[in-house]
Amino acid sequence: MAGDTPSRQISGKCFVVRDNIDTDQIIPAEYLTLVPSKPDEYEKLGSYAMAGLPPHYGQFMEPGKSKTKYSIIIAGSNFGCGSSREHAPVALGASGIQVVVAESYARIFFRNSVATGEMYPVECEARICDEFHNGDDVTVDMERDVVVNHSTGKEYALKPLGDAAPVIEAGGIFAYARQTGMIPSAA
Amino acid sequence: MEGAMLHSSYFSVNARPMSRRSSTISAVMAPPQQQRPPASTGAVKHAMTLTEKILARASEKTKLVPGENVWVNADVLMTHDVCGPGTIGIFKKEFGANAKVWDREKIVIIPDHYIFTADERANRNVDILRDFSKEQSIKYFYDITDRGDFRANPDYKGVCHVALAQEGHCRPGEVLFGTDSHTCTAGAFGQFATGIGNTDAGFIMGTGKILLKVPGTLRFVLDGEMPSYLLAKDLILQIIGEITVSGATYKSMEFVGTAVERMTMEDRMTLCNMAIEAGGKNGVVPADEVTYSYLKGKTDKEFESVYSDAGATFIQEYRIDVSKLEPVVAKPHSPDKRALARDCKDVKIDRVYIGSCTGGKTEDFVAAAKLLNKAGQKVKVPTFLVPATQKVWVDLYAMPLPEADGKTCAQIFEEAGCDTPASPSCAACLGGPKDTYARMNEPKVCVSTTNRNFPGRMGHKEAQIYLASPYTAAASALTGFVSDCRDFL
């Protein structure tokens with residue numbers, strides 16, 4: 001909000017996945033009939049987030065819930081590859097995920113995350129998905145550009161989000177464009 | 001067997017720039033090299049790639065460099081039943097309930113994903129598209145109202161990427177955005193085409209433009225005589241296996257060379273279609289006489305082809321001698337898990353699927369029918385056929401297959417014991433609602449001509465999908481195992 005820089009520090013429990021988590025695993029195609037711009041269907045999308053993951057990753061969403069107990073996802077390389085469905089970052093955001101820390105992202109997923117402002121897609125210099133475990137207490141600090149695993153006490157460098165950060169903070173490209181006067185405020 | 005000389009360990013060679021060649025392995029794909037590309041048009045001060053030139057024109061600039069962010073004007077925006085309703089929702093929310101789209105003749109709306117299903121929300125989504133198209137007088141809306149019989153819907157096309165080409169919406173030099181990652185298929189026409197999300201599409205719907213980062217280009221030079229048993233699908237699986245599913249992330253993939261020049265438009269579409277499976281922003285083939293002859297009678301819009309300049313800078317250049325390649329598959333669960341089809345001959349399969357924007361075009365079915373006809377045998381596993389569009393479906397029933405005593409593809413499929421060709425749509429390529437035709441509801445093994453084999457892609461999380469060419473798919477249907485199509489051709 002005006003003059004106030006919201007804190008770019010996110011703390012919570014992390015959920016860990018590895019490489020090439022594609023959008024079918026983030027939100028299986030059978031749920032794409034849900035339209036993200038409809039509020040009740042947005043909620044529903046959240047309840048199906050990560051429903052396509054192989055079971056060995058553990059339980060992301062408890063049965064019957066629409067919010068996950070995790071607020072951070074730790075991932076390997078090429079997170080969000082596959083389809084261009086915006087339902088993927090939306091489902092994660094709707095489920096309560098605030099930030100994903102991955103080695104790298106697929107292009108369209110990264111772009112959709114910024115455009116929607118649903119969650120921060122941050123890149124880490126190191127391959128931390130091999131060192132983190134589900135439920136570890138983690139802080140993602142996008143002011144110092146580090147991620148801290150409180151369960152192990154270790155700290156790792158993040159790549160700065162640059163100009164994408166304020167867009168996500170504002171709530172997506174439309175909100176950012178209005179906030180900065182690029183497009184007129186909604187009537 | 002030709003190609004048997006290839007050492008299988010070749011396939012572990014990394015595609016990153018290599019300083020030396022192995023002394024014992026005859027590489028199918030030469031190490032990437034920086035070198036001056038072959039001929040191109042015109043004298044220019046600032047050499048650019050094909051993709052850079054299209055984006056320069058579309059952003060009203062005389063020159064561009066990769067990494068630059070530019071506002072690009074769209075020539076066409078395509079959306080479908082899965083992402084259209086969300087895009088429309090964003091457009092209405094951001095531009096107002098009474099806002100008009102930027103150009104009613106430049107938006108193409110194609111229901112294709114979840115059509116032949118009893119799922120109420122899926123049906124509602126097509127209704128949303130219809131209401132919006134009517135309200136906005138959208139010129140190109142390919143509607144379906146009678147789901148019981150697709151033939152009762154003359155406007156209905158089917159899979160958007162194939163329909164875009166068949167209906168003349170793909171033109172050289174233009175910029176096409178679509179709310180579907182396989183929008184890159186249209187790069188086959190020498191245009192810039194890429195997939196976007198709902199929010200970006202909502203923005204384009206209102207303004208006709210979008211902010212894009214100019215991609216650098218990987219160039220793939222495919223030379224040599226294409227063996228009779230290979231199809232474009234083998235080439236793109238070969239390339240993805242080489243550079244991995246993220247090898248072209250943020251990059252353009254340009255396909256050139258004598259093998260590409262000899263390809264049909266549908267072959268080129270297969271090649272460009274899977275650029276996204278390597279993470280690519282777009283795939284592109286320079287337009288030529290093959291392109292122009294395909295376009296004849298499909299569009300009366302003027303267009304201007306552009307080509308990479310001699311001296312344009314490519315991130316990397318890969319040279320591939322296609323004459324040395326063998327039929328390949330991508331093993332579960334990633335499109336870059338390349339293996340020779342003959343090395344998977346012990347993999348027992350439960351079904352075969354021929355369909356989608358990648359492998360459901362007329363020529364894909366012609367290839368499958370040709371092999372089945374030559375073999376004269378029955379399939380050993382259920383074989384599902386889903387024509388991409390209504391036109392493809394008609395071709396299967398109306399077009400006599402060459403050298404097959406006047407038989408049509410449909411007749412050959414019936415004789416071989418395949419399932420009757422289904423209603424055109426995306427169908428089970430991406431699973432979809434539970435009642436989707438040929439969806440994998442059990443953890444079975446499928447050889448498929450589609451594009452992705454990540455866990456759960458065709459339905460069940462533990463289902464195993466082997467991506468393959470239509471030849472390989474048909475051969476595998478005859479044996480019940482992943483098979484080498486050379487055994488039948």
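**Close-up views of chains A and B**

In this predicted model, the centres of domain 1 and domain 3 of chain B, taken over C-alpha atoms, sit 28 Å apart.

**View 1. Domain 1 of chain B meets domain 3 of chain B.** The domain assignment splits chain B into domain 1 (55-213), domain 2 (217-297 + 311-325) and domain 3 (328-487). Here we zoom in on where 20 residues of domain 1 are in contact with 19 residues of domain 3. On the domain 1 side, helix α4 (residues 160-166) of chain B chips in the largest share, four residues. That side of domain 1 breaks down into 10 nonpolar, seven polar and three charged residues.

**View 2. An open sheet of five strands in chain B.** Reading across, the strands run β5-β4-β3-β6-β7, with parallel pairing. β5 (140-141) and β7 (192-195) of chain B each have a single partner strand, so they stand at the edges with one side lacking a neighbour in the sheet.

**View 3. Strands β4 and β5 of chain B, paired in the parallel sense.** Two bridges link β5(B) to strand β4 (residues 107-110) of chain B. Look for B:Val108, which stands opposite B:Tyr140 of β5(B).

**View 4. Chain A against chain B.** On this one, 36 residues of chain A are in contact with 42 residues of chain B. For the chain A side, the elements giving two or more residues are α1 (23-26), α4 (107-116) and α6 (173-179) of chain A. α4(A) gives the most, with six residues. By type, the chain A side that touches chain B has 14 nonpolar, 14 polar and eight charged residues.

Terms used
Residues are numbered from 1 along each chain as its sequence is written. Chains are lettered from A and ligands numbered from 1 in the order in which they are written. This is a predicted model: local features need pLDDT of at least 70, side-chain atom pairs count only at pLDDT 80 or more; totals for chains, interfaces and linings use all residues. Two residues are in contact if their C-beta atoms, placed from the backbone, lie within 7 Å. Ala, Val, Leu, Ile, Met, Phe, Trp, Tyr, Cys and Pro count as nonpolar, Asp, Glu, Lys and Arg as charged, and the others, Gly among them, as polar. Domain bounds come from an automatic or database domain assignment. Two strands pair if DSSP finds at least two bridges between them.
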